[in-house]
Amino acid sequence: ASWSLVKDDYNAADNNGVTEIIYSSNKTLYIIDNQDVWKSSDSGVSWTKINEDYNGAEGQNSFVAVFNKNDLFYIIEGDQDVWRSSDFGASFIKVSTDFNGGNGNIFGMGVNSSNVIFVVDNQADVWKSSDSGASWSLVKDDYNAAQGNNADGMAIDSNDVIYVLDLQDVWKSSDSGLNWTKINDDFNGAGDSNNGQSITIDSNNNVYIVDGSEDVFKSIDGGTSFTKVATDFN
């Protein structure tokens with residue numbers, strides 16, 4: 001509902017290429033900025049670059065990132081290679097190359113309670129890995145039944161329900177991505193044409209979406225309905 005500026009220019013004008021902000025189980029914050037990894041242990045007040053080029057000389061920028069329940073750190077980049085760190089981002093190894101066979105960029109990523117990784121790509125396909133990112137299988141071809149290829153984010157709640165934000169629509173799967181239902185076809189209501197930019201879920205399974213005008217919307221009923229809780233928060 002209310003917001004405060006924690007840090008102005010966290011990386012001291014080094015770059016403005018943030019693709020993801022995530023946290024580990026001890027609530028340490030990490031920012032992935034193109035190919036750099038930054039870390040904050042004081043809730044975002046101060047930051048340290050812990051990895052300047054996580055993928056070496058490959059030159060691909062990150063798209064999505066996540067920690068699993070055992071604090072393994074995953075990044076998927078622009079050529080759909082999957083990188084994994086077991087030392088909180090200090091070093092990474094490539095565990096899979098072009099895992100979806102040239103199917104396109106990844107726009108959402110999440111991990112369920114069994115450490116299965118799920119992603120959604122720009123062909124509206126949902127993939128999963130059950131072996132720490134080494135191998136992948138197609139769970140659902142075209143989760144939204146040809147209604148577009150516009151996924152903007154993915155989140156998984158404590159009951160392993162998977163959500164995908166798709167422009168102004170919210171899709172939901174309760175069976176590990178096999179079947180999908182559109183539970184909201186206009187989360188921010190008529191007259192607001194701003195598409196969703198990010199989706200996340202808190203520890204009480206409330207769903208939050210930030211849209212293109214920096215408005216924040218909250219759902220307490222599993223995404224069925226949303227209420228605007230902040231307008232132009234920044």
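Me: Strands are DSSP runs of E with at least two residues, numbered from the N terminus. In this predicted model, between which strands does the loop with G44 lie?

Reply: The strands to look at are β3, which covers 36-40, and β4, which covers 48-51. G44 is in the loop that separates them. The strands asked for are β3 and β4.

Me: Is G44 buried or exposed?

Reply: The cut-off for buried is under 20% relative accessible area. G44 has a relative accessibility of 6%, so G44 counts as buried.

Me: Which residues is G44 in contact with, leaving aside its neighbours within four places in sequence?

Reply: A contact requires heavy atoms within 4.5 Å. Y30 is 14 residues from G44 in sequence, and the two C-alpha atoms are 9.0 Å apart. The contacts of G44, with neighbours within four places left aside, are V6, K7 and L29.

Me: S43 lies in the loop between β3 and β4; is S43 buried or exposed?

Reply: Exposed applies to a relative accessible area over 50%. S43 touches V6 and L29, residues up to four places away in sequence not being counted. The relative accessible area of S43 is 58%, so S43 is exposed.

Me: What distance separates the C-alpha atoms of S43 and S137?

Reply: Along the chain, S43 and S137 are 94 residues apart. In space, their C-alpha atoms are separated by 36 Å.

Me: How many helices and how many strands does the protein chain have?

Reply: One of the strands is β1, where I21 lies. Another is β20, which covers 227-230 and is followed by the segment with D232. The totals for the protein chain are 0 helices and 20 strands.

Me: Why does the radius of gyration of the protein chain agree with a compact globule?

Reply: The C-alpha atoms fill a box of roughly 45 × 40 × 30 Å along the principal axes. For 234 residues, a compact globule would have a radius of gyration near 17 Å. The protein chain agrees with this because its own value is 17 Å.

Me: What part of the residues of the protein chain counts as buried?

Reply: The protein chain exposes about 10,800 Å², and carbon and sulfur atoms supply 43% of that area. Of its 234 residues, the part that counts as buried is 47%.

Me: How far apart do the centres of the positive and negative side chains lie?

Reply: The protein chain has 13 positive and 36 negative side chains. The centres of these two sets lie apart by 6 Å.

Me: Which strand gives the most residues to the largest nonpolar core?

Reply: This core has 15 residues, of which I76, F99, M109, V119 and W136 touch the most other members. β5 (62-67), β6 (73-77), β9 (106-111) and β10 (117-121) each supply at least two of its residues. With 3 residues, the strand that gives the most is β9.

Me: Which residues is W136 in contact with, leaving aside its neighbours within four places in sequence?

Reply: W136 is among the members of the largest nonpolar core that touch the most others. Two further residues of that group, I76 and F99, also appear among the contacts of W136. The full list is I76, V82, S96, F99, I117, V119, W127, K128 and S129.

Me: How many residues are in the other core that lies apart from it?

Reply: Its members include V116, Y143, I156 and V164. The number of residues in this other core is 14.

Me: Phi is positive in D9 and in D71; is D71 buried or exposed?

Reply: Phi is near 65° in D9, and D71 likewise has a value near 65°. D9 is in the segment before β1 (18-23), whereas D71 is in the loop between β5 and β6. At 35% relative accessibility D9 counts as partly exposed. The relative accessible area of D71 is 12%, so D71 is buried.

Me: Which residues does I21 touch, not counting those up to four places away in sequence?

Reply: I21 has a relative accessible area of 48%, so this residue is partly exposed. V37 is 16 residues away along the chain, with 9.9 Å between the C-alpha atoms. The residues that I21 touches are L29, Y30, I31 and W47.

Me: Which residues does D232 touch, not counting those up to four places away in sequence?

Reply: D232 is partly exposed, at 43% relative accessibility. S40 is 192 residues from D232 in sequence and 25 Å away, C-alpha to C-alpha. The residues touched by D232 are S213, E214 and D215.

Key
Residues numbered from 1 in each chain as written. Predicted model: local features only at pLDDT ≥ 70, side-chain atom pairs only at ≥ 80, totals over all residues. Heavy atoms only, no water. Helix = DSSP H or I, 4+ residues; strand = E, 2+ residues; numbered from the N terminus. Rg over C-alpha atoms; globule rule 2.2 N^0.38 Å. Buried < 20%, exposed > 50% of the residue type's maximum accessible area, 1.4 Å probe, protein only. Areas by Shrake-Rupley, 256 points an atom, 1.4 Å probe, with all protein chains shown as cover. Lys, Arg positive; Asp, Glu negative; His and termini not counted. Charge placed at Lys NZ, Arg CZ, Asp CG, Glu CD. Core = buried A, V, L, I, M, F, W, Y, C linked by side-chain atoms within 4.5 Å.
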